[in-house]
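Take a look at the model below. This report walks through its open and closed spaces, its aromatic rings and a few single residues.

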Amino acid sequence: MEIIRASFTLVVFVLNMVRITLSVENEVLYLDYYKETCPLAEEIVSRNVEIAVLKDPRMAASLLRLHFHDCFVMGCDASILLDNHGDIISEKQAGPNLNSVRGFKVIDEIKYILEEACPLTVSCADILAMVARDAVALRGGPRWKVWLGRRDSMKASLDGANQFIPAPNSSLETLISNFNEQGLDIEDLVALSGGHTLGKARCVSFRQRVYDINMEEKRDKYKRYRTFRRILRSICPDSGRDDAIAPLDFSTPAKFDNHYYINILEGNGLLGSDNVLVTEDHEGEIKKLVWAFAANEELFFSSFAKSIVKMGNINVLTGLEGEIRKNCRFVNP
């Protein structure tokens with residue numbers, strides 16, 4: 001009997017040590033978090049992301065972007081999903097999000113099914129983390145293990161969304177500062193920027209890059225730069241057609257690959273904030289990473305997965321913090 005009791009005590013001790021270790025390394029998030037409470041959670045999410053992307057291939061980029069824009073404002077807490085209600089002013093109205101972020105109905109559908117299967121169990125914040133992983137994998141990118149156990153914010157921050165989400169015309173210095181404020185370093189910046197291998201951007205987001213006189217003077221000696229700019233100008237005039245769209249990666253717009261880095265090395269990044277990784281890196285550290293990812297897709301994939309897991313740990317709510325929303329658009333009554 002004593003032997004059994006001692007063995008049990010040892011097992012408990014080991015499990016607690018593992019739990020403590022994971023808590024320190026992953027902000028008290030866990031793998032297989034819903035294994036007992038909602039065992040089909042990840043399967044439900046994956047299946048519905050696949051359906052959404054089959055209906056609209058562009059949705060893969062939109063779902064990935066939701067996770068980014070959520071985590072950069074107060075942390076990965078699903079605050080971006082909240083609608084205007086009571087004292088809450090939605091982050092959807094912020095400059096970087098207005099008429100730009102999409103995919104909310106897909107999240108609504110997934111949440112509805114999860115609530116039917118496991119009421120008040122799976123958080124909206126965890127849904128955002130899972131759909132980002134599944135969306136990337138469906139477009140040929142890496143598939144990583146998602147640490148789960150986030151809870152949902154009971155507030156939103158319109159000011160935070162306007163302040164902390166990187167703008168499409170950001171300078172390199174601003175980008176580095178934005179990422180540093182989230183605990184992300186230069187390698188994270190370069191790796192996560194590769195998410196722009198998917199999706200499209202509105203004319204209003206890249207017009208400045210197309211009609212920047214200084215950029216023209218720098219690049220007119222290279223015919224390939226003039227050709228790309230001419231293509232963009234045919235899509236996006238210097239005024240009007242703000243909602244006209246162009247692919248972030250003209251080479252392979254529907255595939256998650258490393259062509260984004262090849263594009264910016266050739267001066268063919270769509271956004272100003274893409275090209276500055278090369279044009280404003282005077283020390284050369286960032287440019288070395290861009291070259292490395294352009295030359296080695298597997299290296300990019302592993303770095304992207306590592307960085308997005310790190311991003312997914314930003315200021316997460318756990319334990320008794322926040323709540324598990326029944327409807328991702330509203331806090332619980």
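## Reading the elements

Helices and strands here are DSSP runs, numbered from the N terminus; a helix needs at least four residues and a strand at least two. With that naming, H3 gives the largest share of the lining of the largest pocket: six residues. Keep in mind that this is a predicted model.

## The largest pocket

The largest pocket has a volume of about 840 Å³. It is lined by 36 residues. Closest to the pocket centre are Arg65, His69, Pro166, His196 and Leu271.

Which elements give two or more residues to this lining? They are helix H3 (59–71), helix H7 (172–181), helix H8 (186–193), strand S1 (200–202), helix H9 (203–211) and helix H13 (272–279). Domain 1 (40–164) and domain 2 (172–310) each supply at least three lining residues. Sorted by class, the pocket lining holds 20 nonpolar, 10 polar and six charged residues.

## Helix H13

H13 is one of the elements that line the largest pocket. Is this helix mostly covered or mostly open? It is mostly covered, with seven of its eight residues buried. Those buried residues are Gly272, Ser273, Asp274, Asn275, Val276, Leu277 and Val278.

## Cavities

Rolling a probe the size of a water molecule over the atoms shows where empty space is left. How many cavities of 30 Å³ or more does a search of the whole structure find? There are two. The largest cavity has a volume of about 70 Å³.

Its lining is made of His67, Ala129, Ala132, Trp144, Val146, Trp147, Arg150, Ile308, Val309, Gly312 and Asn313. Helix H5 (124–138) and H15 are the elements that give two or more residues to this cavity lining. By class, the cavity lining splits into seven nonpolar, three polar and one charged residue.

## Aromatic rings

The structure holds 14 aromatic pairs. One of them joins phenylalanine 256 and phenylalanine 300. Their rings are stacked, at 5.6 Å centre to centre with 10° between the planes. Phenylalanine 256 sits in the loop between strand S2 (245–247) and helix H12 (259–265), while phenylalanine 300 sits in helix H15 (residues 297–311). The two are 44 residues apart, so this pair links distant parts of the chain. Both phenylalanine 256 and phenylalanine 300 are buried.

Phenylalanine 256 also pairs with phenylalanine 304. Why is this pair edge-to-face? The ring centres are 5.0 Å apart and the planes meet at 65°. Planes over 60 degrees apart count as edge-to-face, so the pair earns that name. Phenylalanine 304 lies in helix H15, 48 residues from phenylalanine 256. Both of these residues are buried.

Ring pairs also build a cluster. Its members are Trp144, Phe256, Tyr260, Tyr261, Phe293, Phe300, Phe301 and Phe304. Trp144 appears in the lining of the largest cavity too.

## A charge over a ring

Lysine 92 lies over the face of phenylalanine 104. The distance from the ring centre is 4.2 Å.

## Alanine 117

Alanine 117 lies in helix H4 (residues 104–117). Why does alanine 117 count as partly exposed? Its relative accessible area is 47%. Buried means under 20% and exposed means over 50%, so this value falls in between.

Alanine 117 and leucine 40 are 77 residues apart along the chain. Their C-alpha atoms are separated by 8.4 Å.

Methods: Residues are numbered from 1 along each chain as its sequence is written. This is a predicted model: local features need pLDDT of at least 70, side-chain atom pairs count only at pLDDT 80 or more; totals for chains, interfaces and linings use all residues. Side-chain values use heavy atoms; hydrogens and water are left out. On a 1 Å grid over the protein atoms alone, a cavity is a set of points where a 1.4 Å probe fits but cannot get out, and a pocket is an open set with protein on both sides within 12 Å along at least five of seven lines; lining residues have an atom within 4 Å of a point. Grid points are joined across faces, edges and corners, and a volume is the space filled by probe spheres set on the points. Ala, Val, Leu, Ile, Met, Phe, Trp, Tyr, Cys and Pro count as nonpolar, Asp, Glu, Lys and Arg as charged, and the others, Gly among them, as polar. Domain bounds come from an automatic or database domain assignment. Rings of Phe, Tyr and Trp (its six-membered ring) pair if their centres lie within 6.5 Å; planes under 30 degrees apart count as stacked, over 60 as edge-to-face and the rest as tilted. Buried means under 20% relative accessible area, exposed over 50%, partly exposed in between (1.4 Å probe, protein chains only). A charge sits over a ring if NZ of Lys or CZ of Arg is within 6 Å of the ring centre and within 35 degrees of the ring normal.
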